[in-house]
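Student: I should like to examine how the terms used for a ligand site and a helix pair are justified. May we take them one at a time?

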Amino acid sequence: MTKKNILSAIQPTGQIHLGNYLGAIQNWVKLQADYNCVYGVVDYHAMTMPYDAQALRNNTLDMIMSLVACGVKPENLFIQSLIPEHTELAWILNCVASYNELTRQTQFKDKIAQLEENTSGSFITAGLFTYPVLQAADILMYHPHFVPVGKDQEQHVELSRNVVNRFNYQFQTEYFHEPQVLFTETPKVQSLADPSKKMSKSLGEKHCVFLFEEESTLRKKIKTAVTDTGDTPEGQMSPGVENLFTIIKALGNDSLHQDLMQEYLSGAKMYGKLKEGVAETVVPFVNTLREKKMEIMEDADFMDKIRASSAEIRKKAQKTLQEVREITGLI
Ligand code: TRP
């Protein structure tokens, strides 16, 4: 049976934390066994919000290395700006996509709110507005059957489906087909320091387990993680305790999870031990990833490999563009 196609992408955001890994990257790695996967690090998207040029370049390279350290195959990876066809297709799709639909995108509204809160001012780029069209171009470029993304990206994939229908209707073709969102149940990891909130870099360092973090800081964070603040009703597990159990389970330490859960259910005071269990699970996991990333950073040929895989993936993009130019009346 021929494998179906998958496309997904991630912004080069800087340090990756455990929530990012368990919510998306781990899934990307697994999907490679059963699908033809193409994964992008989308640096053009990162230009839609205020940014620093040098930081963008560093973050893009760092993200590529991190993904490979996590098990994404280099040949499945591309850097968006190494395939300028993405911007060309985005322009063409800009002339198909609906202005009104773009104004209704919740991520656009959220990001505007974020900019307005920020001291850097509330200047809103046109790129932020057409961001979902660039995303539609990323997706449609590779004719995927499935797009694995989180709930927050559902509306963007929906927009790309609408673009498909309008494109096909306008040009009387069946050239593009509608991509489907692929949802996977992933463990929800909360902040260590404030378990009522989702683990997020914007909360601050102490809230996150970073994927390539040094052992000493990691141990400190786990030791000071919030467990029970005393305001959880009798008979319920407090969010902090639940979160620590989730982390142990999500990293595959089932037997330890079971033992500790039994102890918890028997009513023992075991939070110290629970944290030790978290450290015992997380530290070796992070250490292994950090070592892998070090190897990649020392591999003098690594960037050549990434350029080569982007060039290979670019051929698919060039084919799509050739066909689209033909359909849409360009010379
Ligand atoms: N907008 C996505 C995010 O913020 C990133 C993204 C860009 C993407 N292009 C994509 C995701 C194509 C899936 C497919 O997470």
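Student: Which element gives the largest share of the shell around the ligand?

Tutor: In this predicted model, helix α6 does, with four residues. The elements that give two or more residues to this shell are α6 (126–141) and β1 (4–10).

Student: What makes Tyr 131 a polar contact of the ligand?

Tutor: The cut-off for a pair of N or O atoms is 3.5 Å. A polar side-chain atom of Tyr 131 lies 2.7 Å from a ligand nitrogen atom, so the pair qualifies as a polar contact. By that criterion Asp 138 qualifies, with a polar side-chain atom 2.7 Å from a nitrogen atom of the ligand. Gln 135 also qualifies, since an N or O atom of its side chain is 2.9 Å from a ligand nitrogen atom.

Student: How much of the ligand does the protein bury?

Tutor: Taken alone, the ligand exposes 360 Å², and the protein buries 89% of that.

Student: How do the residues of the shell divide into nonpolar, polar and charged?

Tutor: Seven are nonpolar, five are polar and one is charged. Among the 13 residues around the ligand, Ala 9, Tyr 131, Gln 135, Asp 138 and Gln 153 come nearest.

Student: Why are α5 and α6 called roughly antiparallel?

Tutor: The axes of α5 (residues 106–117) and α6 come within 10 Å and cross at roughly 155 degrees. Angles over 145 degrees count as roughly antiparallel, and the two helices are therefore described in that way.

Student: Is the crossing of α5 and α6 left-handed or right-handed?

Tutor: The crossing of these two helices is right-handed.

Key: Residues are numbered from 1 along each chain as its sequence is written. This is a predicted model: local features need pLDDT of at least 70, side-chain atom pairs count only at pLDDT 80 or more; totals for chains, interfaces and linings use all residues. Side-chain values use heavy atoms; hydrogens and water are left out. A residue is near a molecule or strand if one of its heavy atoms lies within 4 Å of it. A polar contact is a pair of N or O atoms within 3.5 Å; within protein, one must be able to donate a hydrogen and the other to accept it, and residues adjacent in sequence count only if both atoms are side-chain atoms. Accessible areas come from the Shrake-Rupley method with a 1.4 Å probe; for residues, only the protein chains shown count as cover. Ala, Val, Leu, Ile, Met, Phe, Trp, Tyr, Cys and Pro count as nonpolar, Asp, Glu, Lys and Arg as charged, and the others, Gly among them, as polar. Axes are lines fitted to C-alpha atoms, for helices over the stretch in contact, and angles run from 0 to 180 degrees between N-to-C directions. Angles under 35 degrees count as roughly parallel, over 145 as roughly antiparallel, 65 to 115 as roughly perpendicular and the rest as oblique. A crossing is left-handed if the near helix is turned anticlockwise from the far one by less than a right angle, and right-handed if clockwise.
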